[in-house]
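Work through the exercises below with the sequence and the model open beside you, and try each task before you read its solution.

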Amino acid sequence: MGQLQIALIVIGAIIIAAVIAYNTWQSGKFKRQRAAVEDDVQTAIEPAGLDTLTSDTHGHTLEPVALSPEVAPRPRLMPLQIDPLIDAIASYLLEPVRSGEVLLPRLPKTARAGAKRMLFEGRNAETGQWEPLQPQHPYAELQAAVQLSNRAGPINAIEFSEFIAKCHELGEALSVAPDLPDMAEALEQARSLDAFANDNDAQLSITLRARSVPWGIDFLRQRAQAAGFVPGAEAGRMVLLYQDVEQAPTPLVHLQFDARADLSDSAAAVSHATLLLEVPQAPAAQKPFGRMRQAARELATALDAAVVDDNNAPLPDAALDHIEKQLDLLYEVLEQRGLPAGSAAAQRLFS
């Protein structure tokens with residue numbers, strides 16, 4: 001390694017250390033400011049008091065504890081984006097209450113920290129619910145979050161420092177001291193989450209290969225639509241959708257084929273197509289693997305196709321039955337971690 005490379009590495013390390021030190025100092029300053037504010041608030045509300053029963057992770061009932069506004073349980077009454085299982089969260093107490101119309105223009109122009117997405121929620125002052133910011137709604141609290149991990153890997157120190165810097169800028173714009181997450185704890189959580197995701201990610205595929213002549217693109221689309229698939233957002237992709245009462249139609253199983261052939265004229269032909277299932281992103285209750293198997297059977301008959309794996313080896317029912325049993329174990333692991341397949345948090349983590 002040359003002297004120039006060594007010098008650049010040393011300079012980079014110094015810059016990172018300086019950013020971390022600055023963020024630590026800023027965090028300490030804001031926490032001291034916030035503590036002073038909360039002391040005044042706590043003095044004002046102490047006569048009323050608030051008791052609740054809490055439970056530990058094993059379900060044992062603990063003694064009643066007094067709750068201040070800072071640690072009161074969040075009323076999770078609707079599906080939300082921010083989740084402490086996969087996000088590092090900074091919070092802002094808004095006194096007085098601010099409208100979404102005031103808050104929205106003050107959010108960071110780019111809702112990313114490096115390659116990681118940032119999210120924002122407000123606690124509605126009238127309903128007490130957490131929700132995406134709406135212009136006309138009043139908010140008593142704001143949260144800014146950054147996703148700790150995705151399929152690109154865990155958040156790193158530079159990305160986390162960028163998140164903290166943006167939180168400070170938002171706090172200055174609102175004249176509110178943020179309560180910031182600890183960097184060391186967040187990075188450790190990110191590494192643990194990434195290791196879990198790597199161990200429990202699964203993308204399953206079933207390939208359909210023409211037994212004789214290739215299929216025309218129009219012929220393939222027609223047979224896929226007859227099996228329930230609809231055109232996807234990208235060339236060479238169709239999707240089998242599911243829908244529940246809480247969200248718009250969502251892809252369950254993908255059908256992929258040559259995108260270049262799909263973009264060319266209707267005379268183009270392909271000799272194979274692949275059914276793809278992103279296991280953590282599809283709810284187990286929808287029986288996604290069973291629906292993928294059924295779609296494979298229907299398309300194999302309609303297209304005169306062989307059902308094979310990635311190595312062009314036949315996929316008999318016995319092999320597919322074994323895979324389905326293994327999936328039941330994976331669903332259980334995801335459920336125990338609090339990231340059931342198809343949940344908003346699982347879809348974000350495994351993407």
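**Exercise 1. Find the handedness of the crossing of helix 5 and helix 7, and describe how these helices pack.**

Solution. In this predicted model, the crossing of helix 5 and helix 7 is right-handed. To describe the packing, begin with the geometry: helix 5, residues 217–226, and helix 7, residues 288–303, have axes 10 Å apart and pack at an angle of about 140 degrees. Angles over 145 degrees would count as roughly antiparallel, so helix 5 is classed as oblique to helix 7. Finally, look for the residues that meet, which are Phe219, Leu220, Arg223 and Ala224 on the side of helix 5, and Leu299, Ala302 and Leu303 on the side of helix 7.

**Exercise 2. Classify the arrangement of helix 7 and helix 8, and list the residues that make their contact.**

Solution. The axes of helix 7 and helix 8, the latter covering residues 317–336, come within 10 Å and cross at roughly 160 degrees. Because angles over 145 degrees count as roughly antiparallel, helix 7 and helix 8 are roughly antiparallel to each other. Helix 7 contributes Pro288, Phe289, Gly290 and Arg293 to the contact, while helix 8 contributes Asp317, Leu320, Asp321, Ile323, Glu324, Leu327 and Tyr331. The handedness can be added as a last step, and the crossing of helix 7 and helix 8 is right-handed.

**Exercise 3. Check the length of helix 3 against its expected span, then examine its two ends and its buried residues.**

Solution. Helix 3 runs over residues 157–174 and has 18 residues. The expected span is 1.5 Å times one less than the number of residues, so helix 3 should span 26 Å, and its end C-alpha atoms are indeed 26 Å apart, which agrees.

At the N-terminal end, Asn156 caps helix 3, with a side-chain oxygen 3.1 Å from the backbone nitrogen of Ile158. Just after helix 3, Ser175 takes a positive phi of about 55 degrees.

For the buried residues, it helps to remember that an α-helix has 3.6 residues a turn, so residues three or four places apart point the same way. The buried residues of helix 3 include Glu159, Phe163, Lys166 and Leu170, and among them are also Ser161 and Ile164. Ser161 has a relative accessible area of 4%, and because buried means under 20%, Ser161 counts as buried. The C-alpha atoms of Ser161 and Met183 are separated by 8.2 Å, although these residues are 22 apart along the chain.

**Exercise 4. Decide whether Val146 is buried or exposed, and state what surrounds it.**

Solution. Val146 is found in strand 7, residues 138–147. Its relative accessibility is 0%, so Val146 counts as buried. Leaving aside residues up to four places away in sequence, Val146 touches Ile86, Asp87, Ala88, Ala113, Lys116, Arg117, Met118, Ile155 and Phe163. One of these, Phe163, is a buried residue of helix 3. Val146 and Ile164 are 18 residues apart in sequence, and their C-alpha atoms are 9.6 Å apart in space.

**Exercise 5. Find the partners of the Glu278 side chain, and say how accessible Glu278 is.**

Solution. Start by placing Glu278, which is found in strand 16, residues 272–278. With a relative accessible area of 15%, Glu278 is buried. Its side chain is joined to that of Arg151 by a polar contact of 2.7 Å, and to that of Gln203 by a polar contact of 3.0 Å. Not counting residues up to four places away in sequence, Glu278 touches Arg151, Gln203 and also Ala202.

**Exercise 6. Compare the backbone and the accessibility of Lys287 and Asp304, then describe the peptide bond from Glu95 to Pro96.**

Solution. Most residues other than glycine have a negative phi, and most peptide bonds are trans. Lys287, in the loop between strand 16 and helix 7, has a positive phi of about 50 degrees although it is not a glycine. Asp304, in the loop between helix 7 and strand 17, also has a positive phi, near 55 degrees. Lys287 is exposed, with a relative accessible area of 59%, whereas Asp304 is partly exposed at 40%. The peptide bond from Glu95 to Pro96 is cis, with omega near 5 degrees, and Pro96 lies in strand 3, residues 87–99.

Notes:
Residues are numbered from 1 along each chain as its sequence is written. This is a predicted model: local features need pLDDT of at least 70, side-chain atom pairs count only at pLDDT 80 or more; totals for chains, interfaces and linings use all residues. Side-chain values use heavy atoms; hydrogens and water are left out. Helices (H or I, at least four residues) and strands (E, at least two) are DSSP runs, numbered from the N terminus. Buried means under 20% relative accessible area, exposed over 50%, partly exposed in between (1.4 Å probe, protein chains only). A polar contact is a pair of N or O atoms within 3.5 Å; within protein, one must be able to donate a hydrogen and the other to accept it, and residues adjacent in sequence count only if both atoms are side-chain atoms. Contact means heavy atoms within 4.5 Å. Axes are lines fitted to C-alpha atoms, for helices over the stretch in contact, and angles run from 0 to 180 degrees between N-to-C directions. Angles under 35 degrees count as roughly parallel, over 145 as roughly antiparallel, 65 to 115 as roughly perpendicular and the rest as oblique. A crossing is left-handed if the near helix is turned anticlockwise from the far one by less than a right angle, and right-handed if clockwise.
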